[in-house]
Amino acid sequence: MPGRLRIAVQKKGRLADESFAMLKKAGLNFSVRGDGLLARVKNLPIDLLLVRDDDIPNFVASGASDFGLVGENVFAEETLGSKGLDVSILRRLGFSRCNLCLAAIENGSLQSLADLKNKKIATSYPGILSTYLKDKNIDATCVEMKGAVELAPRINVADAICDLVSSGATLEANGLKAFETILESEAVLIGSRRTLSAEKQSIYERLLSRIDGVIRSKDSKYIMLNAPQSQIKAISKILPGSDAPTIIPLGTDDGLVAMQAVCTENVFWETLEALKDKGARSILVLPIEKMMS
Ligand code: PRT
Ligand code: ZN
């Protein structure tokens, strides 16, 4: 429908749940059920196009969808090499992280990039792999497989594989070991260069500012503590990723102040210990639900 922004999202799979969760955190109210191709957002003029992840870059490039949420690995595969789709990354979203790795039989003869010369490598990512091999000046053959790539060395289809790894359990279960990371991937928001109508542009800007808020609030914490006045500078230095903290006099005679700050990076136990060493007391770390600058 004209005027409604369309975002392509994986319907089912590793990306789907976290993509839906992020959009819901950005305040989009929708439900995904059955075999529907579209989920209508009830409180904003946005429709979600529910598709297979591999189709997302193409839908965005062709205009079937204005934007898409997809793994950087799929984005790279569809934009590199011969396909060369004209889409670009607008935001890195920080979820569905994995690495595209080269791997071979553990303790076998093939253990480094140089050993790949004249060998066969099985992969579902021939575009990324061939670009990488060309870059590194390695003459090897890509064998394209749609799935079960990890079985290729065992059935003598290939000498090595190039596949996604997250926990590493699949490689281990198949007696394989990664020896090189080709791409570090996470979910990304992608778009094309087409000009949007003024209506869609304004919805997009609203959505983007909310997505930025979701990304920032995820690792951000609100930290509150009491500290000796003399230690304000030292403590401010330790607070991770925070601008000038708010300092409030406590009205007691012992020279204590209350300090409060938004920390945009993770606050670890080690950070709290370091704050305590500098004289901070009654330290509270609170989650931040929403942020907008
Ligand atoms: O049906 P559709 O085509 O939409 O889905 P799909 O089956 O092609 O993709 P899906 O749902 O498996 O993955 C979607 C996206 O999730 C990928 O494109 C990646 O961006 C991201 N992702 C994150 C992963 C993994 N982690 C992952 N571990 N995608 C796949 N894997 C596979 C990998 O291929 C290997 O088989 O999981 C296995 C390895 O996992 P570990 O934990 O054993 O290392
Ligand atoms: Zn897929």
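This passage walks through a predicted model, taking its domains, a sheet with the helices across it, and some charged residues in turn.

The domain assignment splits the protein chain into three parts. Domain 1 is built from two stretches, 5–95 and 187–217, while domain 2 covers 98–185 and domain 3 covers 219–287. Taken over C-alpha atoms, the centres of domain 1 and domain 2 sit 29 Å apart. Eight residues of domain 1 and nine residues of domain 2 take part in the contact between them. The size of an interface is often given as the accessible area lost when the parts come together. For domain 1 and domain 2 that figure comes to about 720 Å², with 58% of it on carbon and sulfur atoms. On the domain 1 side, a trio does much of the covering: Asn73, Glu77 and Leu80 supply 69% of the area that domain 1 buries against domain 2, more than any other three residues. As for charge pairs, zero salt bridges turn up across the interface of domain 1 and domain 2.

Next comes the sheet. Strands of a sheet pair through backbone hydrogen bonds, either parallel or antiparallel. Here, five strands line up in the order β8-β7-β9-β6-β10, giving an open sheet with mixed pairing. At the edges are β8 (141–144) and β10 (176–185), each of which pairs on one side only. Going from one strand to its neighbour, the average turn is 30°, direction ignored. One pairing can be followed in detail: β6 (residues 98–105) runs antiparallel to β10, and eight bridges join the two. Within this stretch, Leu102 stands opposite Glu180 of β10.

Two helices lie across strands of this sheet. Helix α3 (residues 72–79) lies across β9 (160–165) and β10, and makes an angle of about 75° with β10. Helix α4 (residues 126–135) lies across β6, β7 (120–123), β8, β9 and β10, this time at about 100° to β10.

Now for the charged side chains. Side chains of opposite charge can pair when their charged atoms come close. Over the whole structure, the search finds nine salt bridges. In one of them, Lys200 pairs with Asp66, and the closest N and O atoms are 3.0 Å apart. These two partners come from distant parts of the chain, 134 residues apart: Lys200 belongs to helix α6 (residues 198–219), and Asp66 to the loop between α2 (56–62) and β4 (67–71). Both Lys200 and Asp66 are buried.

Another salt bridge joins Glu72 and Arg92, at 2.7 Å from N to O. This one ties helix α3, home of Glu72, to strand β5 (residues 87–92), where Arg92 sits, and the two residues are 20 apart in the chain. The partners differ in exposure: Glu72 counts as buried because its relative accessibility is 9%, under the 20% cut-off, whereas Arg92 is partly exposed at 44%. A third example brings together Lys146 and Glu144, with 3.4 Å between N and O. Lys146 is exposed, with a relative accessible area of 76%, and Glu144 is partly exposed at 47%.

Finally, there is Asp47, a residue of strand β3 (residues 46–51). Is Asp47 buried or exposed? Its relative accessible area is 5%, so Asp47 is buried. Leaving aside residues up to four places away in sequence, Asp47 touches Arg4, Leu5, Arg6, Ile7, Leu38, Ala39, Arg40 and Val41.

Key
Residues are numbered from 1 along each chain as its sequence is written. Chains are lettered from A and ligands numbered from 1 in the order in which they are written. This is a predicted model: local features need pLDDT of at least 70, side-chain atom pairs count only at pLDDT 80 or more; totals for chains, interfaces and linings use all residues. Side-chain values use heavy atoms; hydrogens and water are left out. Two strands pair if DSSP finds at least two bridges between them. Helices (H or I, at least four residues) and strands (E, at least two) are DSSP runs, numbered from the N terminus. Axes are lines fitted to C-alpha atoms, for helices over the stretch in contact, and angles run from 0 to 180 degrees between N-to-C directions. Contact means heavy atoms within 4.5 Å. Buried means under 20% relative accessible area, exposed over 50%, partly exposed in between (1.4 Å probe, protein chains only). Domain bounds come from an automatic or database domain assignment. Buried area is the accessible area (1.4 Å probe) that two parts lose on being put together, summed over both. A salt bridge is a side-chain nitrogen of Lys or Arg within 4 Å of a carboxyl oxygen of Asp or Glu.
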